[in-house]
Amino acid sequence: MVACVVGVFLLCTTANSTVYHPFYVSVTEMNYNAQSRSMEISCKMFVDDMEEVLKHNYKTAVDLGNAKLQEQNNRVIQDYIQRRLSLQIEGKPVQLKFVGFEKDKESVYCYFEVTDLAPSKKIAVSNSILYDLTKEQINIIHVMMNGKRQSTKLDNPKKDASFSF
């Protein structure tokens, strides 16, 4: 089922329509990098959904493709995601550090990292990204730790997931 939803998401992100899409989905990838001892996190969602939710929450004009608004866009994206995505590693909350974002056609990728991490056996994730946009929102989470991958799908309002490695 997760592969099917991801496939539909990829299909929708390559479609020519930027105004409407029939699915509301985000994909969060978390990869543990043993060399740098960090968790590298990327969140992918539709640009129009992200712009709409940011405009609503921050009461400001948002255009993620406008270089003149880069500083403002960084600030609101960082705040928005950090309020809706959190991790606990081995039962302890960790701070997500905002790295940046990039717009790619109909998608936006938001990047975060958690530094100075040892390999972990238990990861808890709370993800309510875009739940304040629509009741139909689905959030997919993929976690890669020491070469092992686990995935889950969260249907709004479910926002919590646990992974054991």
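This report describes the two sheets of a predicted model and the helices that lie against them.

## The six-stranded sheet

Six strands make up an open sheet with mixed pairing, arranged in the order β5-β6-β2-β1-β8-β9. Strands β5 (97-104) and β9 (148-155) form the edges, each pairing on one side only. On average, and with direction ignored, neighbouring strands of this sheet are turned by 15 degrees against each other.

Within this order, β1 (residues 25-33) and β8 (residues 138-145) run parallel and are joined by seven bridges. Asn31 has Met144 in β8 standing opposite.

## The four-stranded sheet

A further open sheet consists of four strands in the order β4-β3-β7-β10, with antiparallel pairing. Its edge strands, β4 (92-94) and β10 (160-164), each pair on one side only. Here the average turn between neighbouring strands is 25 degrees, direction ignored.

Five bridges link β7 (residues 122-127) with β10 in the antiparallel sense. Ser162 in β10 is the residue that Ala124 stands opposite.

## Helices against the sheets

Helix α2 (residues 47-58) lies across three strands of the six-stranded sheet: β2 (38-46), β5 and β6 (107-114). The helix runs at about 95 degrees to β2. Helix α3 also packs on this sheet, where it touches β2, β5 and β6. The direction of α3 makes about 115 degrees with that of β5.

Helix α3 (residues 70-84) lies across β3 (85-89) and β7 as well, running at about 50 degrees to β3. Both of these strands belong to the four-stranded sheet.

Conventions: Residues are numbered from 1 along each chain as its sequence is written. This is a predicted model: local features need pLDDT of at least 70, side-chain atom pairs count only at pLDDT 80 or more; totals for chains, interfaces and linings use all residues. Side-chain values use heavy atoms; hydrogens and water are left out. Two strands pair if DSSP finds at least two bridges between them. Helices (H or I, at least four residues) and strands (E, at least two) are DSSP runs, numbered from the N terminus. Axes are lines fitted to C-alpha atoms, for helices over the stretch in contact, and angles run from 0 to 180 degrees between N-to-C directions. Contact means heavy atoms within 4.5 Å.
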